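Visitor: I have the model open. Take me through the labels on it, and show me how each one is earned.

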Amino acid sequence: MASSDPSKKPRPGPWPPAPDSAAMPPSSWAKRTGFRPKFSGETNASDSGQITTLPLPPAQPPVQEQAQAKPKQPDSNLDLEAGPVAPRQGPTSNGEAVVARDRAKEKDKELTPPVRKRRESDGGKNLGANGLPTAGEGSRRARNEGAATVDVLPQSLDDDGFISRNSHMKYELRDSPGLVPIGLYGFQHFLSILGSLILIPLVIVPAMGGTYEDTANVVSTVLFTSGMTTLLHISFGSRLPLIQGPSFVYLAPVLAIINSPEFLGLNGNNFKHIMKELQGAIIIGSAFQAFLGYSGLMKILLRLINPVVVSPTIAAIGLSFYSYGFPRVGSCIEIGVLQILLVIIFSLYLRKVSVLGHRVFLIYAVPLGLFITWAAAFLLTESGVYSYKGCDPNIPAANIISDHCRRHVSRMKNCRVDTSHAFRSSPWFRFPYPLQWGTPVFHWKMALVMCVVSIISSVDSVGSYHATALLVASRPPTPGVLSRGIGLEGLSSILAAIWGTGTGSTTLTENVHTIAVTKMGSRRAVEFGACAMIVLSLIGKVGGIIASIPEVMVAALLCFMWAMLTALGLSNLRYSEAGSSRNIIIVGLSLFFSLSVPAYFQQYGISPNSNMSVPSYYQPYAVASHGPIQTKSDGLNYVLNTLLSLNMVIAFLVAVVLDNTVPGSRQERGVYTWSEAEAARREPAVSKDYELPFRVGKIFRWVKWVGF
């Protein structure tokens, strides 16, 4: 029995206990000194939730000694980043302190149990960025197993849960929550991203001279091909829950082709003629993208693509349309500003308001703002606010004689919501079929432009794959899985071109924000939503109603969508050291030159008194007719003037050259971490996430770019 005499109690040791060796430095700065971690998931310090190995505490004394020894309370201000604090020395001499410390080390080595390795067969649950366990799981293992691992620097989250897997997804990649939740969340996923699906046809079809009926048919075709290509991508592409559709990457080059000099002089309805030219160019460019993926060349290009390259490239896509956005909103200022204000209020001021556990205003900011503004414009139109005596809005502006009507022609054409004509001209049932606009026309100069655009589209998709995998999958995909996804995106764009959408079909960048907000990562739900889109596309009246949306409302929504696309692009910098002067200069130069160099090409040869045959908001895309590059080859002039006038191309070229030539560590650059194929085969969770269905992967096992 222990003695009750306080003077005979053993003296407690120092707190924290003396380490048996110097603490391993945290990975946030140790990699600069050559430190290499032993954990497979930890490859760069840009990923939050790093795991740091700390020395084991000494073995617990016997129960009797525990009862006698009452240790001191730990310091509440203990710095986990700095490791254990050295114990304070007593009043003994230096020699006695050294001898006592050496004896304590030998005793600790004898009593310390061996450290067991972390289990690698975790079924993909509770894993953080790059496959690391979350803070709660890692701490639990450390307590239960006595392992020498603790989680420091836990993943930081914003109020929208937009950073990493630690956002507690409701349903992850392979979850099947049931028929009702799958249907609800699947339709919600597509509805929240509806603006990205329908806005591009509402811009390009009127620019080609198409009618309301043409716009309705193209919208229905876009919904059909989006559902079809999404099903293909989830089944045979990257297998991530990513919606495929008309990306904004294609919008600027499509407008450049529409405003080509050879099309400006066409008479009559030139919609079908330009659409066939677009189909031919997109088919060639998409075939190049498919070759890039399935040939394995994408794995080589992947070495050049990092967050410092992806970030300014995507941001430049959104910034490139500033000359189209608000100038079009100004044509009917009351409707356009109302649309912008509603979307801002829903997405920012009301983003935390929940209805039945769902952030309705944040998720459906674009559809809600569109519906309310469209209803307000419809009521104003029916009440006669935009009707002027003796004026017909259907008469071309050039044929209007009355000064009174000329003064109000802009408001009549841009503010009115004429649903009757679009609804009446659309059939109840219409099946989109291939080559509905005719046989595609191929020109090498337009096809070459689309080949370069397909590379930019692949860069955009790489960033989306990485960010989505960290949210919903057990590990990031392998380079082979990524190449497989890029190859299938090329095939999907070929199908979209054959069906006649006017653009390619690629991964929509807005997917990442939608998944982070809705916390729905189940691919079954997205598959159900894709099927719903196919069914809706067969109802011709749906396309007719969407076609009746005024252009000013489309421009107002695009102001929000392009701003969000810019922010999503810049958010990729969180995987690198955003505060590094190297990265700041590279991103700043890329963004500045992406605006300045195209402006030089777009303004070259244009005087203030020049009479352009295109509207002012389309002038930046008519550069092929007056660009500074003038050689003996008209085709070469067209290609170079068009490509160098695209903001995303300049941003990509500047960023990829600087990031791969300016010295910088992997940690500083934030080099993307992809799973190794051999390691992925050994982990059942990773194999189930990315392996092809129906044993297709086993049949093509000899093809390295299928991923495993």
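Guide: This is a predicted model. Start with the link of C332 and C415, which is right-handed, with 125° about the S-S bond.

Visitor: What makes the pair C332 and C415 a disulfide?

Guide: The S to S distance is 1.9 Å. The cut-off is 2.5 Å between cysteine sulfur atoms, so the pair qualifies. By this rule the count comes to 1 disulfide. As chemistry, a disulfide is a covalent bond between the sulfur atoms of two cysteines.

Visitor: Which parts does the link of C332 and C415 tie together?

Guide: C332 sits in the loop between α13 (322-329) and α14 (333-349), and C415 belongs to helix α17 (residues 403-415). The two parts are therefore 83 residues apart in sequence.

Visitor: Why is C332 called buried?

Guide: Its relative accessibility is 1%. Buried means under 20%, so C332 passes. C415 also has a value of 1% and is buried.

Visitor: What about C451 and C559: buried or partly exposed?

Guide: C451 has a relative accessible area of 14%, which is under 20%, so C451 is buried. C559 comes to 22%. Partly exposed runs between under 20% and over 50%, so C559 falls in that class.

Visitor: Which residues does T381 contact, leaving aside its neighbours within four places in sequence?

Guide: C415 is one of them. The others listed are Y386, S387, R416, V417 and D418. T381 itself is in helix α16 (residues 365-382). Its relative accessible area is 6%, so T381 is buried.

Visitor: Now the helix pairs. Why are α12 and α27 called roughly antiparallel?

Guide: Helix α12 (residues 307-319) and helix α27 (residues 647-661) pack at an angle of about 165°. Angles over 145 degrees count as roughly antiparallel, so the label fits α12 and α27. Their axes are 8 Å apart, and the crossing is right-handed.

Visitor: Which residues meet there, and how do they divide by class?

Guide: From α12 come V308, V309, P312, T313, A316 and I317. From α27 come N647, M648, A651, F652, A655, V656 and D659. By class, the contact of α12 with α27 has 10 nonpolar, 2 polar and 1 charged residues.

Visitor: And α7 with α20: how do you know that they are roughly antiparallel?

Guide: The axes of α7 and helix α20 (residues 479-499) cross at roughly 155° and come within 10 Å. The cut-off is over 145 degrees, so α7 is roughly antiparallel to α20. This crossing is right-handed.

Visitor: What makes up the contact of α7 with α20?

Guide: On the α7 side are T221, F224, T225, M228, T229, L232, H233 and F236. On the α20 side are R484, G485, L488, E489, S492, L495, A496 and W499. The classes come to 8 nonpolar, 6 polar and 2 charged residues.

Visitor: What stands out about the phi of R239?

Guide: R239 has a positive phi of about 70°, although it is not a glycine. Most residues other than glycine have a negative phi. R239 is in the loop between α7 (212-236) and β3 (244-245). At 8% relative accessibility, under the 20% cut-off, R239 is buried.

Visitor: And L435: what is its phi, and is it buried or partly exposed?

Guide: L435 has a phi near 55°, a positive value in a residue other than glycine. It lies in the loop between α18 (419-425) and α19 (444-472). Its relative accessibility is 41%, so L435 counts as partly exposed.

Visitor: How far apart are M533 and G227, in sequence and in space?

Guide: They are 306 residues apart in sequence, and 5.5 Å apart in space, C-alpha to C-alpha. Leaving aside its neighbours within four places in sequence, M533 is in contact with F187, F190, L223 and G227.

Visitor: Where is M533, and why is it called buried?

Guide: M533 is in helix α22 (residues 523-537). Its relative accessible area is 4%, under the 20% cut-off, so M533 is buried.

Visitor: What does the chain come to as a whole?

Guide: It has 31 helices and 4 strands. Buried residues make up 53% of its 708 residues. Among contacts between residues at least 6 apart in sequence, 82% join residues at least 24 apart.

Conventions:
Residues are numbered from 1 along each chain as its sequence is written. This is a predicted model: local features need pLDDT of at least 70, side-chain atom pairs count only at pLDDT 80 or more; totals for chains, interfaces and linings use all residues. Side-chain values use heavy atoms; hydrogens and water are left out. Buried means under 20% relative accessible area, exposed over 50%, partly exposed in between (1.4 Å probe, protein chains only). Axes are lines fitted to C-alpha atoms, for helices over the stretch in contact, and angles run from 0 to 180 degrees between N-to-C directions. Angles under 35 degrees count as roughly parallel, over 145 as roughly antiparallel, 65 to 115 as roughly perpendicular and the rest as oblique. A crossing is left-handed if the near helix is turned anticlockwise from the far one by less than a right angle, and right-handed if clockwise. Contact means heavy atoms within 4.5 Å. Ala, Val, Leu, Ile, Met, Phe, Trp, Tyr, Cys and Pro count as nonpolar, Asp, Glu, Lys and Arg as charged, and the others, Gly among them, as polar.
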